[in-house]
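Visitor: I have a model open on my screen and would like to learn how to read its charged pairs, cysteines and surface patches. Could you take me through them?

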Amino acid sequence: PYLDLLKKVLIDYDKIGSMEIHPLSIVNPNWKTFFLYPLDKLLRKRNFSINKLKYVSPEKRIEGLDWPAHAKTMIGYKRLTNIENCINTIKEDRIDGDLIETGVWRGGAAIFMKAVLNELKIYDKMLWLADSFQGLPKPKGKYPLDKLSNLHKQRILKVSKEEVEENFKLYDLLDDQVKFIEGWFDETLPKAPIEKLSLLRLDGDLYESTIIALESLYPKLAIGGFVIIDDFNAFQFCKNAVLDYRLANDINESMIEIDNEAIFWRKER
């Protein structure tokens, strides 16, 4: 089936069990790579570059536990299937509201959302992509747990809006149903022009990104809609933000594990 094939394409399933080439330009900076950047820049002027070979583990790629060199998403096969199941239920139960992903990276998960909408012939729901398109913000004093994070330094996490748009075009999935919200979450999400949501997918990693998304968007989630937390078991600051928000707002719906990192629940009240 088309959607099953698309999942495999979006995660670079064909790379499983082989060595994947990671360009130096997206390798996480450290003292070993720092001194290679000038040489890499010089080599690129002559159509050469420095790359790193990395083995692609079947488990890690299926579970979404690695950062792929070229795949359009890092969330893995199981989390893509979760998105498909949620949208199917939203259609079957006629849940009102748009869909949004906060933190889109190269756009793969959102690309898959749009493909599912098309397959189900759902054209009355907008798909919103919220991202800074500049990587993650530096930790702020207001959110002390985020001081443990160095994600803002990761070059691989910085993907431009233009690149995401081009990725959508690769699959002929960019149209007027796809809307972008560009900027830091604290500046954009509280005033996002969204009335109601049926699917809220959070992939902002940090406490700040997660709590702002929940405070701004969860009240707009329709009864029967779904919230997906991508990094719940990956980053303690993300988990704490979710637990703090649920406690403060008396949210008791059971959290269901998707894989080793992600969870979701369905809004009941």
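Visitor: Let me start with Lys169: is Lys169 buried or exposed, or partly exposed?

Guide: Lys169 is partly exposed, with a relative accessible area of 48%. Do keep in mind that this is a predicted model.

Visitor: Which residue forms a salt bridge with Lys169?

Guide: The general idea comes first: side chains of opposite charge can pair when their charged atoms come close. Here the partner of Lys169 is Glu166, and the closest N and O atoms of the two are 3.4 Å apart. Glu166 is partly exposed as well, at 44% relative accessibility.

Visitor: Where do Glu166 and Lys169 sit with respect to each other?

Guide: Both belong to helix H7, residues 161–170. They are three residues apart there, so about one helical turn separates them.

Visitor: How many salt bridges does the structure hold?

Guide: There are 19 salt bridges. One of them joins the side chains of Arg266 and Asp93, at 2.7 Å from N to O. Arg266 is in strand E9 (residues 263–266), while Asp93 is in the loop between helix H5 (76–92) and strand E3 (98–102), so this pair ties together parts that are 173 residues apart in sequence. Arg266 is partly exposed at 29% relative accessible area, and Asp93 is partly exposed at 38%.

Visitor: What about Arg201 and Asp230: are they buried or exposed?

Guide: Both are buried. Their side chains meet in a salt bridge with an N to O distance of 2.4 Å. Since Arg201 lies in strand E6 (residues 197–202) and Asp230 in the loop between strand E7 (221–229) and helix H10 (236–248), the pair ties together parts that are 29 residues apart in sequence.

Visitor: Which residues are linked with Arg201 and Asp230 in a network of salt bridges?

Guide: Arg79, Glu101, Asp203, Asp259 and Glu261 are linked with Arg201 and Asp230 in that network.

Visitor: Now the cysteines. How many disulfides does the structure hold?

Guide: A disulfide is a covalent bond between the sulfur atoms of two cysteines. In this structure there are zero.

Visitor: Why is there no bond between Cys86 and Cys238?

Guide: The cut-off for a disulfide is a pair of cysteine sulfur atoms within 2.5 Å. The sulfur of Cys86 has its closest cysteine sulfur in Cys238, and the 16 Å between them is too far for a bond. Seen from Cys238, the closest cysteine sulfur is that of Cys86. As for their surroundings, Cys86 is buried at 2% relative accessible area, and Cys238 also counts as buried, at 2%.

Visitor: On to the surface. Which residues make the nonpolar patch?

Guide: Met19, Ile21, Leu53 and Tyr55 make a nonpolar surface patch of about 430 Å². Strand E1 (19–23) and strand E2 (51–55) are the elements that give two or more residues to this patch. Take Leu53 as a case: its place is in strand E2, and Leu53 counts as exposed because its relative accessible area is 55%, where exposed means over 50%.

Visitor: And which residues form the positive surface patch?

Guide: That one is formed by Lys32, Lys52, Lys54 and Lys60. Lys32 is found in helix H2, residues 31–34, and at 57% relative accessibility Lys32 counts as exposed.

Terms used: Residues numbered from 1 in each chain as written. Predicted model: local features only at pLDDT ≥ 70, side-chain atom pairs only at ≥ 80, totals over all residues. Heavy atoms only, no water. Patch = residues over 30% accessible without salt bridge, like charges linked within 9 Å, V, L, I, M, F, W, Y side chains within 5 Å. Areas by Shrake-Rupley, 256 points an atom, 1.4 Å probe, with all protein chains shown as cover. Salt bridge = Lys/Arg side-chain N within 4 Å of Asp/Glu carboxyl O. Lys, Arg positive; Asp, Glu negative; His and termini not counted. Charge placed at Lys NZ, Arg CZ, Asp CG, Glu CD. Helix = DSSP H or I, 4+ residues; strand = E, 2+ residues; numbered from the N terminus. Buried < 20%, exposed > 50% of the residue type's maximum accessible area, 1.4 Å probe, protein only.
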